Amino acid sequence: MTATLHTPPPTVPAHHERPFTRDPRRWDRERSRALRTGHVRDHTCSAACELVLVHERTPWGWLAWTVPGDGSPPEIPHRIAVLTPAATRTQRLALRWLTRRPAQRIAPDRIPGSLRFSTAAVALVSLVAGLVAMSHAVPVDVALPTMLLAPLLAEHLPDRLDSRAREHVHIVEGDDACRYLQRLAALHTSLVQAAAGSDRYELRRSAEIGHSLLWDAASLLQARDTRAVSDGLIARERLMLQLAHQVAQIIHRTAHEAATVDEDQTRDLERPPGPHSPSVRPSTPRPMTAPSPPKGTVLMPQPESGPADRTPDVYLLFAHQPYYPGPGTQEINTTVVAADSLLHPQVHQPDGARIHDLLTRGRQPGEIIPLATLTHELNGGADWPTVGDWESVTTDLLQLVRSGDCDALSLGLPEIARALVCTGPHSHVRAYDAAADDFVVYGSSERAAVLDEVGVFLTGIATEQPFWPGDSLLPPLVSRRA
């Protein structure tokens, strides 16, 4: 079950080379406003000049650009801010507060300093409101403090809010620091846009890691020279480049797999659905009584077994809480996945890798191993704590299957068949037969028949295309020697 991208991410060089790269008209509007309302960057600038800044907000922070007087767009941001990773709604509102337009000030000729225009407006309004209130018998000791407090709040409260908002933002200034962070931001923006166009866990996780790298780099650059922290900056840029490369590979592979699936469906619409069809989930017929050797009864591998004893081409079968994939669909209560899906990073680790090691040692190619068989091999479940938390692992596997991040055979087993695969290879299941008014006992032969029938479905699907265990899998455990 693969997920396709809705829109391909733009190329990395297009991001943040110029202000508002994806909306040039926005820059024209902001530049016109700056020319009307403030000081632009030209030959008349001095160190005391308060330049007009144009803020370009992004999902991870913002870039503040100056406005050159010659009309050309700037190449390096004047200031870059990075919002804390996993920011809350309040913290994002703080980011918007910091990127508001600067307050207009009134500078009287005879009085040193300046006053916010909003403060003067609030003072006038509070004066009028106070006089009206006192004319309506409001006590002077109530109206007068209110008249004085309102302008003070209007003048000093924004500065306090600015200080609180900056606690959630790392702000970097200076050409060298901004040039470096601009390069990292371009890479990270490509990760963010790739994740926004897909529901793949790997892409979302890459964007989260990229934001953390950007935050760390901004922290290093905030109060130090770039040369003093060059080792840390190089390490973070290398990781960011690796993330961008991995995301590009995932996008390419996803597009190729989607094209292959579309081609196969166009070629033969009557062909039974394969493992990449999330909307069709075959169910298993009722168990037959034909005897066959029981599956999943191989003894637990010994500690001295090596890599040659590992059989990767096996499958894990586990039962779970029933669910319905869609309206009018059949109940799904059992799932089969490739053993390598246990190595997926979204599965609880290292427990998944340990169960994978137990599952793949001493097996036959294509063998289906129920979770209950592993419980039988682990001394009836007493040794599960030494291997891992199988409940967390199977919960994560089911989430992986339902989100389309690996292939699976989803089954709606009948009650008796499901009970058989949930018991050990030598256990029995008793069921009451109302017609005969007697109990019927199902044993190892019926259990093997259920696994045989599941194997028929699995073989038909895996023959057309091998099961996809997922992307970015962890390496299996190394060989264990006595």
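The protein's secondary structure adds up to 13 helices and 12 strands. The model is a predicted one, and 42% of its 482 residues come out as buried. Contacts that reach far along the chain are well represented: of those between residues at least 6 apart in sequence, 72% join residues at least 24 apart.

One place to start is an open sheet of four strands, laid out in the order S1-S2-S3-S6 with antiparallel pairing. Its edges are strand S1 (54–58) and S6, each of which pairs on one side only. From one strand to its neighbour the direction turns by 15° on average, if the sense of the strands is ignored. S1 and S2 are held in register by five bridges in the antiparallel sense, and within this pairing Glu-56 has Leu-63 of S2 as its bridge partner. Helix H6 packs on the sheet, where it touches S3 and S6, and its direction makes about 55° with that of S6.

At the other end of the sheet, strand S3 (residues 79–83) runs antiparallel to S6, and five bridges join the two. Arg-79 is matched there with Glu-173 in S6. Although S6 is an edge strand, four of its five residues (169–173) are buried, so the strand is largely enclosed by the rest of the structure. As for side chains, those in a regular strand alternate between the two faces of the sheet.

The loop between strand S2 (61–65) and S3 holds Ser-72. This serine counts as partly exposed, at 32% relative accessibility. Ser-72 and Arg-18 are separated by 54 residues in sequence, yet their C-alpha atoms are 9.9 Å apart in space.

Several of these elements come together again in the largest nonpolar core, which has 39 residues; Trp-60, Val-82, Val-172, Leu-181, Leu-214, Leu-221 and Leu-233 have the most contacts inside it. Two or more residues each are supplied by helix H1 (24–37), S2, S3, helix H5 (175–196), helix H6 (201–222) and helix H7 (230–267). H5 gives the largest share, 10 residues. A second core lies apart from this one and has 25 residues, including Val-314, Phe-318, Leu-378 and Leu-400.

Trp-60 is worth a closer look. Leaving aside residues up to four places away in sequence, its contacts include Ile-80, Ala-81, Val-82 and Leu-83, which fall within the range of S3. Trp-60 also touches His-16, Ala-185, His-188, Thr-189, His-211 and Leu-214.

What turns up when the whole structure is searched for aromatic pairs? The search returns one. Tyr-315 and Phe-467 meet edge-to-face, with 5.6 Å from centre to centre and 85° between the planes. Tyr-315 belongs to strand S7 (residues 315–323), whereas Phe-467 sits in the segment after helix H13 (444–464), so the pair ties together parts that are 152 residues apart in sequence. Are these two residues buried or exposed? Both Tyr-315 and Phe-467 are buried.

Aromatic rings also take part in two arrangements with arginine. Arg-402 lies over the face of Tyr-323, 3.9 Å from the ring centre. Likewise, Arg-430 has its charged end over the ring of Phe-439, at 4.5 Å from the centre.

Definitions and conventions. Residues are numbered from 1 along each chain as its sequence is written. This is a predicted model: local features need pLDDT of at least 70, side-chain atom pairs count only at pLDDT 80 or more; totals for chains, interfaces and linings use all residues. Side-chain values use heavy atoms; hydrogens and water are left out. Rings of Phe, Tyr and Trp (its six-membered ring) pair if their centres lie within 6.5 Å; planes under 30 degrees apart count as stacked, over 60 as edge-to-face and the rest as tilted. Buried means under 20% relative accessible area, exposed over 50%, partly exposed in between (1.4 Å probe, protein chains only). A charge sits over a ring if NZ of Lys or CZ of Arg is within 6 Å of the ring centre and within 35 degrees of the ring normal. Two strands pair if DSSP finds at least two bridges between them. A nonpolar core is a set of buried Ala, Val, Leu, Ile, Met, Phe, Trp, Tyr and Cys residues joined through side-chain atoms within 4.5 Å. Contact means heavy atoms within 4.5 Å. Axes are lines fitted to C-alpha atoms, for helices over the stretch in contact, and angles run from 0 to 180 degrees between N-to-C directions.
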